[in-house]
Amino acid sequence: MRILPKTLKNLVSSFRKLSSVGQKTAERYAFELFEWSTQETEFLAEAVRAVKNKLTRCDACSCIKEAGASCPFCDPVTRNEEILCIVSHIKDPFLIEESRAFKGLYHVLPNLFSPFEEKDIASENIQRLLGRLEKLPVKEVILALDTTLEGDATALYFQNLLRPRGVKVTRLAYGIPIGSNIHYFDSQTLHQALSGRQVLT
Ligand SMILES: [Zn+2]
C-alpha cells in the first residue's frame with residue numbers, strides 16, 4: 001500500500017525485517033497496532049526498548065542474560081562444569097534447556113566456520129573458549145551444531161583444536177537430519193540427539 005500514512009509505513013518497514021513477515025502481514029500488524037489501547041502499545045514499546053537496554057551477553061559464555069544479573073548458565077552451584085556445549089545461535093541454549101537432557105555449561109559462537117565464504121570464527125571468541133577450558137574442569141565438549149557443510153567444517157575445526165588438549169569431543173547426531181539447523185527441532189528430538197551424541201574420533 002503506497003498511500004499509507006508515513007507513521008504506518010515506518011511500522012511496516014520495521015515488521016518486514018522480522019523473518020517470515022512479508023508485506024501483507026506487516027501491513028496487517030501495523031493496522032492492528034492502531035486498534036490497540038495506548039497502554040498496550042506503550043507496554044509493547046517498552047518491551048522492545050528493554051531488549052536493548054536490559055539484556056546483555058554473558059562475558060564468559062555469550063548467552064543472553066539480564067544486564068546486571070549473574071548468568072544462570074554459568075552458575076557453578078547448579079551447572080555441571082565438567083561438560084560444555086558449543087552452539088552457534090543465541091537461541092540454542094534455551095532450546096537445549098527445554099529438552100532437560102543437559103545441565104552443563106554453554107559457549108555461543110558468533111557464527112559457523114564457512115570455508116566457502118572464507119568466514120572464520122572471531123579469534124576473541126575462540127581465545128575466550130580456550131581460556132575457559134583451562135580454568136574449568138571440563139572433560140567433554142558437545143558440539144551442538146547444524147548438520148550443514150558449515151556445521152561439519154566447524155565441528156572438524158573444534159575436533160582438531162580440542163582433542164590435543166585432552167578433551168573428549170562429541171557431536172549431536174541421532175535424530176538430526178543432514179542439512180538441518182538445530183534451532184528448528186523440538187525438545188524431544190534434542191533430548192534424543194543429546195542422549196545419542198557420538199564421540200568424534
Ligand atoms: Zn554465562
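The exercises below, each with a worked solution, concern a predicted model.

**Exercise 1. The zinc site**

Determine which atoms coordinate the zinc ion, what arrangement the donor atoms form around it, and how the donor residues are spaced in sequence.

Solution. Begin with the donors: the zinc ion is coordinated by the SG atoms of Cys58, Cys61, Cys71 and Cys74, at 2.3 to 2.4 Å. Next, take the angles that the four donor atoms subtend around the zinc ion, which run from 106 to 115°; four donors count as tetrahedral if all angles lie between 85 and 135 degrees, and the arrangement is therefore tetrahedral. Then turn to the sequence, where the donor residues follow the spacing C-x2-C-x9-C-x2-C. Cys61 lies in the loop between strand S1 (55-57) and strand S2 (64-66), whereas Cys74 lies in the loop between S2 and S3, so this pair ties together parts that are 13 residues apart in sequence. Finally, consider accessibility: Cys61 has a relative accessibility of 0% and counts as buried, while Cys74, with a relative accessible area of 21%, is partly exposed.

**Exercise 2. Cysteines and disulfides**

Establish how many disulfides a search of the whole structure finds, and work out how Cys85 stands in relation to the nearest cysteine sulfur.

Solution. The search of the whole structure returns zero disulfides. For Cys85, the nearest cysteine sulfur belongs to Cys63 and is 9.5 Å away, whereas a disulfide requires a pair of cysteine sulfur atoms within 2.5 Å; Cys85 is accordingly in no disulfide. As to its surroundings, Cys85 has a relative accessible area of 0% and is buried.

**Exercise 3. The sheet and its edges**

Give the strand order of the open sheet, identify its edge strands, and describe how S3 and S4, and then S6 and S7, are joined.

Solution. Start with the order, which for this open sheet of five strands is S4-S3-S5-S6-S7, with mixed pairing. The edge strands are S4 and strand S7 (198-199), each of which pairs on one side only. At the S4 edge, strand S3 (residues 80-87) runs parallel to S4 and is joined to it by five bridges, with Leu84 standing opposite Leu105 in S4. At the S7 edge, strand S6 (residues 168-171) runs antiparallel to S7, and two bridges join them; here Thr170 has Val199 in S7 as its bridge partner. A further step concerns the connection from S3 to S4, since S3, helix H4 (residues 92-99) and S4 make a right-handed β-α-β unit. Although S4 is an edge strand, five of the five residues of S4 (residues 104-108) are buried, so this strand is largely enclosed by the rest of the structure.

**Exercise 4. Two residues with positive phi**

For Ser62 and Arg100, state phi, then locate each residue and decide whether Ser62 and Arg100 are buried or exposed.

Solution. Ser62 has a positive phi of about 70° although it is not a glycine, and the phi of Arg100, likewise a residue other than glycine, is near 55°. Ser62 lies in the loop between S1 and S2, whereas Arg100 is found in the loop between H4 and S4. The last step is accessibility: Ser62, at 5% relative accessibility, counts as buried, and Arg100, with a relative accessible area of 77%, is exposed.

**Exercise 5. Domains**

State which domains the assignment gives and how far apart their C-alpha centres lie.

Solution. The domain assignment of the chain gives domain 1 (6-53) and domain 2 (71-199), and the C-alpha centres of domain 1 and domain 2 lie 34 Å apart.

Terms used
Residues numbered from 1 in each chain as written. Predicted model: local features only at pLDDT ≥ 70, side-chain atom pairs only at ≥ 80, totals over all residues. Heavy atoms only, no water. Buried < 20%, exposed > 50% of the residue type's maximum accessible area, 1.4 Å probe, protein only. Helix = DSSP H or I, 4+ residues; strand = E, 2+ residues; numbered from the N terminus. Pairing = 2+ DSSP bridges. Right-handed = clockwise from strand over helix to strand, strands pointing away. Donors = N, O, S within 2.8 Å, 3.2 Å for Na, K, Ca; no water. Tetrahedral: all angles 85-135°; square planar, octahedral: opposite > 155°, others 65-115°. Domains from an automatic or database assignment.
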